[in-house]
Amino acid sequence: MSPAFALGADGWCAGAARYASPHCDARPAGVAVDLLLIHNVSLPAGSFGGPHVSDLFTGRLDYNVDPSFAALRGVRVSAHFLVRRDGRVVQYVSTDEKAWHAGLSVWRGRPRCNDYSIGVEMEGTDSVAFAPAQYAALAALTAALQARYRLAEVCGHEHVAPGRKTDPGPCFDWGLYKKTWEKALPAEPALALTYRALRFPSTA
């Protein structure tokens, strides 16, 4: 059974655990949210299931826990969502607000992707396959976001910051994500026409 998600009027998602981050601000007036941006993350690198990603995104990371965390001191980042390895979803920022996930970025000639995108972090690395439960959760979440926003495209951090970022990486299966998303769409033909207006990378 696919996970159940629904966006509220405040941009917070029913079905996701809420862990609010201060690393966000208002979207520019009049800017439409039309891009879904996929990342991967793990802290320490290659370690899954711990609290450190949430701690980083909410400004609570203990830099003394691991030597690699020293490089993150003073870093202020977040994402709208994190999809855990078991398919659980955590939300840090209302989708009506701008999360700080893309950094220096450009998509189709448009800079500042944070302004018009929703960022989803997949718990993982460039070198480890993602879990089926993650694709199911991401697909269901994508469909829920489409019910609220007129998303036009989905792409990876690597696509908007080439040469600087590589995630979600070669182990992320865009084709599987697309097929799983199609199965998560509502069966009603009138709704399906709206939901299917979403472009994936050419590798999907």
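Biologist: What do the side chains of D34 and R110 do?
Modeller: They meet in a salt bridge, with N to O at 3.3 Å. Bear in mind that this is a predicted model.

Biologist: Where do D34 and R110 lie?
Modeller: D34 is in the loop between β4 and β5 (35-41), while R110 belongs to strand β10 (residues 110-111). The pair therefore ties together parts that are 76 residues apart in sequence.

Biologist: And D34, buried or exposed?
Modeller: D34 counts as buried, at 19% relative accessibility. The cut-off for buried is under 20%. Its partner R110 is partly exposed, with a relative accessible area of 32%.

Biologist: How many salt bridges does a search of the whole structure find?
Modeller: Nine. One of them, which we just covered, is D34 with R110.

Biologist: What about R148 and D96?
Modeller: Their side chains also meet in a salt bridge, at 3.0 Å from N to O. R148 sits in the loop between α2 and β12 (153-156), and D96 in the loop between β7 and β8. That pair ties together parts 52 residues apart in sequence. R148 counts as partly exposed at 31% relative accessibility, and D96 is partly exposed as well, with a relative accessible area of 33%.

Biologist: Which residue does R112 form a salt bridge with?
Modeller: D115, where the closest N and O atoms are 3.6 Å apart. R112 is exposed, its relative accessible area being 54%, whereas D115 is buried at 12%.

Biologist: Which residues do salt bridges with shared partners join into one network?
Modeller: D25, K98, R112 and D115.

Biologist: Switching to rings. How many aromatic pairs are there in the whole structure?
Modeller: The search finds nine. Among them is Y19 with Y92, whose ring centres are 6.2 Å apart. Their planes are at 35 degrees, so that pair is tilted.

Biologist: Which loops do Y19 and Y92 lie in?
Modeller: Y19 is in the loop between β3 (17-18) and β4 (24-26), and Y92 in the loop between β7 (89-91) and β8 (97-99). The pair ties together parts that are 73 residues apart in sequence. Y19 is partly exposed, at a relative accessible area of 28%, while Y92 counts as buried, at 0% relative accessibility.

Biologist: What about the rings of Y135 and F172?
Modeller: Their centres are 5.5 Å apart and their planes are at 40 degrees, so this pair is tilted. Y135 lies in helix α2 (residues 132-146) and F172 in the loop between α3 (157-160) and α4 (174-184). Here the parts tied together are 37 residues apart in sequence. Y135 is buried, with 3% relative accessible area, and F172 is buried with 4%.

Biologist: Which residues form one aromatic cluster?
Modeller: F130, Y135, F172, W174, Y177, W181 and F200. The Y135 and F172 rings we just discussed are in it.

Biologist: Where does R18 lie?
Modeller: Over the face of W12, at 3.9 Å from the ring centre.

Biologist: And where does the charged end of R85 sit?
Modeller: Over the ring of F48, at 4.5 Å from its centre.

Biologist: Cysteines next. What does the disulfide count come to?
Modeller: Zero. C24 is in none, and the nearest cysteine sulfur, that of C13, is 17 Å away. C24 counts as buried, at 18% relative accessibility.

Biologist: How far away is the nearest cysteine sulfur for C113?
Modeller: It is 6.8 Å away and belongs to C155, and C113 is in no disulfide. The cut-off between sulfur atoms is 2.5 Å. C113 counts as buried, at 0% relative accessibility.

Biologist: Overall picture, then. What does the secondary structure come to?
Modeller: Five helices and twelve strands in the protein chain.

Biologist: What radius of gyration does the chain have?
Modeller: It has 16 Å. A compact globule with 204 residues would be near 17 Å, so the value agrees. Along the principal axes, the C-alpha atoms fill a box of roughly 55 × 40 × 35 Å.

Biologist: What share of the 204 residues counts as buried?
Modeller: 51%.

Biologist: And what share of the contacts joins residues at least 24 apart?
Modeller: 71%, taken among contacts between residues at least 6 apart in sequence.

Terms used. Residues are numbered from 1 along each chain as its sequence is written. This is a predicted model: local features need pLDDT of at least 70, side-chain atom pairs count only at pLDDT 80 or more; totals for chains, interfaces and linings use all residues. Side-chain values use heavy atoms; hydrogens and water are left out. Rings of Phe, Tyr and Trp (its six-membered ring) pair if their centres lie within 6.5 Å; planes under 30 degrees apart count as stacked, over 60 as edge-to-face and the rest as tilted. Helices (H or I, at least four residues) and strands (E, at least two) are DSSP runs, numbered from the N terminus. Buried means under 20% relative accessible area, exposed over 50%, partly exposed in between (1.4 Å probe, protein chains only). A charge sits over a ring if NZ of Lys or CZ of Arg is within 6 Å of the ring centre and within 35 degrees of the ring normal. A salt bridge is a side-chain nitrogen of Lys or Arg within 4 Å of a carboxyl oxygen of Asp or Glu. The radius of gyration is taken over C-alpha atoms; the globule rule is 2.2 Å times the number of residues to the power 0.38. Contact means heavy atoms within 4.5 Å.
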